Amino acid sequence: MSQSHETLTVTYDDRSAAQFLWATLIWGVIGMLVGALAALQLAFWPANGDIPWLTFGRIRPLHTAAVIFAFAGNAIFAGMYYSLQRLCKARLWSDALTKIHFWGWQIIILVSALSLMTGHTQGKEYAEMEWTIDIAIAIVWVIMGINVFGTVAVRRVKHLYVAIWFYLASIITIAMLHIVNNLAIPVGAFKSYSIFAGVQDALVQWWYGHNAVGFLLTTPFLGLMYYYVPKCVGKPVYSYRLSILHFWSLIFIYIWAGPHHLLYTSLPEWAQSLGMVFSLALLAPSWGGMINGLLTMRGAWNRVREEPILKFFVLALTFYGMSTFEGPLLSIKSINLISHYTDWTIAHVHSGALGWVGGMIFGMTYYLAPKLFGRPLYSQRLANTHFWIATIGLLLYVSSMWTAGVTQGLMWMATTDDGLLKYPQFMETVLALKPLFWVRLLGGSLYLIGAVICLYNVYMTSRGRTVADETVAVEVERHIQARTLHERLEGHAFTLSALALVAVLIGGVAEFVPALLMETKVPTVTSVRPYTPLELEGRDIYLREGCYNCHSQSVRVYQKEEMRYGPHSKAYEFVYDHPFQWGSKRTGPDLHRVGGKYPDLWHYKHMMDPRMTSPGSIMPSYPWLLENKVDLSMLEPKVKAMKMLGVPYDPDTIADPKTAYNKQAMKIVTSLSKDGILIPTDSEIIAMIAYLQKLGTDHQAEQKEAAK
Amino acid sequence: MEILYFLIFLSFVMAMGGLAAFLWANQSGQFRDLRRPAEEMLFEDRPKSSQ
């Protein structure tokens, strides 16, 4: 086959990349601002303002969604679209799909923000968006996938550069994770129940959750790293062979790491150990990426002193290495015993997010802005200033949270010489952290200021310029006739194969889900009963207010924890929890054994103003629970949906949940009236009290039965 | 823990998918020359015209 060259004209779509870049910077500032608000609320609880829309429980998911999907998400699209076209020497496959992708994604962000603030949430971390929005996300994601795979299919460079492999793997895996974890039965336009429950849901949720980190915050950014770092440094990747090796090992190992979020819980021990081992193994391929990136810069280190882009890339790669060392460390069971539910997890997340992800995004931004706007960056000095402010902010954030995490973790397990808990009052462990919350607020605010400086710098660079699609002359090998089957399978068939894989996975789900639902989940302990209609409503309010953001519901298999909360949580206690609410953070105490611990009046006062029962508390007040009324017409659809998911409600409860609801509510109303509180039965607080009083009581019922 | 039947099946499908992708890559010569692609991506395309 002769290999002569021909010259083609290609016009890259750079206007879309610029649009995504603007979206990245604007949502970045907004997402970090929300984060700063959340940080302020922890240091200074009145910042919750007694406004339902702005309480920490609703703001925190808004922050995580904004920085992950709006800030990092748009950055991936900007960087990927710009680099993919040049690596393929082809314009994006479909201008129409690109536009739908851009506007679809931004509209989804806006709708998500509103829905989260109004309390429409699935109660699953990093997957809070309800089913209607989830479907929109899936559609836009698939459209983006078609656009990307289509571009790859019409590429004029036969070899798929390593960055492209990372992009493709991310697209496929995120689609699968998103669809599976969000499977739910709807009971309204913005309300649904997860088809998974309890331990199963925990496993699926953290299979999703950790791989959202893996395939949204890691692999796409590794792809971007493999394009932008060599480009900026002007040197090829240090070891292309290593990049291929660590790509395959990374994507294989990452998926298994999920259970490291569930160590010492009621997840089966072997699954925990599996998660731990694979998390440790993950260190190797991750460091392959870091080493490759840093060593690509060999010979260019003197330029780091002058160039902000390279500064950010060094920051990014260094913190990538640090986070991917810390992650496996935190996955070791004995370390996790100290760190789980503490701010150490927060420190870890933010070192990865601000260091690795943020560093890559800002480095890439300072590279792209001059290219897109056709003039040098407005101010190198401001970009350097941004770097230093961001780095100092990041270090303050992470070090304050490390200190907070280890402090609190050790306080929780500290015992006196008599073997009793040294800090039996949870409040003591919170009060010890307050100064550190202020330092974290300072650190995060500095990082936010840096982002604002970046936005300003890019804006000034863009003033008076319109982004033009770059037209280039590319030399390509003359098209070689496809001979073998494999050669014919390249080209547009590749797109079809990739989509077929997605379809197969969805098909697998469609087959398995009914099979799972049909399984009679006979509890091993008959005393475990479903939530009554009143308790179910209370649980939905718990989800709406985002209580899981501060409270866990899983007492670990650890003696010192049992001393504090009661018997450790058993798997069979959670079989009806659609979705599970184990939480991952204890800003407040674990609630799994709170049922029957305090009288109804205590809960009434605590929700009205936590300071009334717990001086020094940083929990927001929830006075609207006392005023809001439950929509009783929703009881029947909710109970029916749960029945469909296998919860064994009796026919009377399904036919007329209101009677059962009112009967149980009346008991609580009566008990409160004895303390001078007059409140109607359909008040939200009654449902909340019923739910809280139920938590963990099945275990006591079991003990009573066993004692008989 | 019936979810495990599903997750194991899913993992198997994914692993097979990964294997298929790797075999395709090998067959289509993606790994044939590892030096040139790393260097080629550094070159900027020749600008044709500005629009």
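Let's start with a small piece of sheet in this predicted model. Strand β2 (residues 184-188) of chain A pairs with strand β3 (residues 191-194) of chain A in the antiparallel sense, over 4 bridges. The two strands, β2(A) and β3(A), make a hairpin, and 2 residues lie between them. If you would like to find this hairpin on your screen, look for A:G188, whose bridge partner in β3(A) is A:K191.

Now for the helices, with α2(A) as our guide. This helix packs against α3 (residues 95-117) of chain A and against α4 (residues 131-153) of chain A. Here are the two pairs side by side.

| Helix pair | Axes come within | Crossing angle |
|---|---|---|
| α2(A) and α3(A) | 9 Å | roughly 170 degrees |
| α2(A) and α4(A) | 9 Å | roughly 20 degrees |

How do α2(A) and α3(A) run, roughly parallel or roughly antiparallel to each other? Angles over 145 degrees count as roughly antiparallel, and the axes of these helices cross at roughly 170 degrees, so α2(A) and α3(A) are roughly antiparallel. From α2(A), the residues A:R58, A:P61, A:L62, A:A65, A:F69, A:A70 and A:G73 take part, and they meet A:W105, A:I109, A:S112, A:A113, A:L116 and A:M117 in α3(A). By type, this contact has 10 nonpolar residues, 2 polar and 1 charged.

With α4(A) the picture changes. Angles under 35 degrees count as roughly parallel, and the crossing here is at roughly 20 degrees, so α2(A) and α4(A) are roughly parallel to each other. Their crossing is right-handed. On the α2(A) side you will find A:L84, A:Q85 and A:C88, which meet A:V148, A:T151 and A:V152 of α4(A). This contact of α2(A) with α4(A) is made up of 4 nonpolar and 2 polar residues, with no charged ones.

Finally, let's turn to the partner chain. In the contact between the chains, 42 residues of chain A touch 31 residues of chain B. Our guide helix appears here too: α2 (56-88), α6 (198-233), α7 (240-254), β4 (471-477) and α18 (492-518) of chain A each supply at least two residues of the side that touches chain B. Which element of chain A gives the most to that side? It is α6(A), with 8 residues. What kinds of residue make up the side of chain A that touches chain B? They divide into 28 nonpolar, 7 polar and 7 charged.

How values were computed:
Residues are numbered from 1 along each chain as its sequence is written. Chains are lettered from A and ligands numbered from 1 in the order in which they are written. This is a predicted model: local features need pLDDT of at least 70, side-chain atom pairs count only at pLDDT 80 or more; totals for chains, interfaces and linings use all residues. Two residues are in contact if their C-beta atoms, placed from the backbone, lie within 7 Å. Ala, Val, Leu, Ile, Met, Phe, Trp, Tyr, Cys and Pro count as nonpolar, Asp, Glu, Lys and Arg as charged, and the others, Gly among them, as polar. Axes are lines fitted to C-alpha atoms, for helices over the stretch in contact, and angles run from 0 to 180 degrees between N-to-C directions. Angles under 35 degrees count as roughly parallel, over 145 as roughly antiparallel, 65 to 115 as roughly perpendicular and the rest as oblique. A crossing is left-handed if the near helix is turned anticlockwise from the far one by less than a right angle, and right-handed if clockwise. Two strands pair if DSSP finds at least two bridges between them.
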